[in-house]
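Let us go through this model step by step, beginning with how its strands are joined and then turning to its aromatic rings.

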Amino acid sequence: FGAGSDLEIYHSGNDSFIRDAGAGDLYIRSSSALRLQALSGENYAVFTENGSATFYYDNAQKLATTSTGIDVTGTITANDLLNIESTTGFGRIEVGGPSGAFIDLKSPFSDDYDGRLHCDGNSFYLTTNSDIPILLKHNSAEKMRTTSTGISVTGTVSADGLIVQATTPTIDVLAAVNEDASLRLRESGTGVVGAEFTYDGGDNQ
């Protein structure tokens with residue numbers, strides 16, 4: 001078609017070709033939707049004027065463009081990095097379902113999960129598989145670690161109350177070897193010590 005066979009439609013003996021050999025672009029236009037289909041009529045892709053571009057796998061819709069982005073049906077697999085950057089306000093990730101939502105973190109990927117963020121509509125929790133501690137850090141320094149018996153804190157704990165409830169409640173104040181261990185009761189606001197209990201390795205004071 002055209003001068004010097006600018007547009008060619010032919011069969012090579014094995015395959016069929018539409019070949020644009022001339023200058024300029026190749027336009028395919030439709031007065032309604034444009035459909036790419038298999039000989040059986042299964043959809044490969046459907047393009048709708050002023051609407052979506054929809055892509056299929058085995059005639060099942062998998063990806064469609066929308067006025068705000070894309071709509072994916074099924075699983076998204078990325079082999080490196082997923083970037084979410086908002087030009088205004090906050091970047092967002094929303095995950096939900098009838099029973100809640102969870103995000104699994106794993107190493108290697110074949111693991112069931114090593115760490116899980118989980119929300120069931122009534123509570124939100126972070127859990128680990130096997131005997132893996134949960135660490136909280138501040139400025140890359142570890143401040144709290146979960147253990148098989150509770151938690152281990154590095155640094156100062158500030159609280160407006162402390163209740164120790166057990167059959168035989170115990171508060172242990174531990175110090176390094178040859179160092180004193182003290183329990184101080186301070187006045188709120190001023191920090192003035194009202195009472196102090198010190199153990200120096202000998203008699204209690």
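Two strands are taken to pair if DSSP finds at least two bridges between them. In this predicted model, strand β6, which covers residues 60-65, is joined to β7 by three bridges, and the two run antiparallel. One of the contacts can be followed at the level of residues, since L63 has V72 in β7 as its bridge partner.

This pairing belongs to an open sheet of five strands, arranged in the order β3-β4-β5-β6-β7 with antiparallel pairing. The strands at the edges are β3 (34-37) and β7 (70-72), and each has a single partner strand, so one side of each is left without a neighbour in the sheet. From one strand to the next, the twist averages 15°.

Turning to the side chains, a pair of aromatic rings is described by the distance of the centres and the angle of the planes. The structure holds two such aromatic pairs. In the pair of Y10 and F17, the ring centres lie 5.3 Å apart and the planes meet at 15°, and because planes under 30 degrees apart count as stacked, this pair is stacked. Y10 is partly exposed, at a relative accessible area of 34%, and F17 is partly exposed at 36%. The pair of F47 and F55 is edge-to-face, with 5.8 Å from centre to centre and 85° between the planes; F47 counts as partly exposed at 29% relative accessibility, and F55 is partly exposed with a relative accessible area of 37%.

Charged side chains also sit over rings: K106 lies over the face of F109, 5.1 Å from the ring centre, while R116 lies over the face of F102, at 4.2 Å from the ring centre.

Notes: Residues numbered from 1 in each chain as written. Predicted model: local features only at pLDDT ≥ 70, side-chain atom pairs only at ≥ 80, totals over all residues. Heavy atoms only, no water. Phe/Tyr/Trp six-rings, centres within 6.5 Å; stacked < 30°, edge-to-face > 60°. Buried < 20%, exposed > 50% of the residue type's maximum accessible area, 1.4 Å probe, protein only. Lys NZ or Arg CZ within 6 Å of the ring centre and 35° of its normal. Helix = DSSP H or I, 4+ residues; strand = E, 2+ residues; numbered from the N terminus. Axes fitted to C-alpha atoms, helices over the stretch in contact; angles between N-to-C directions.
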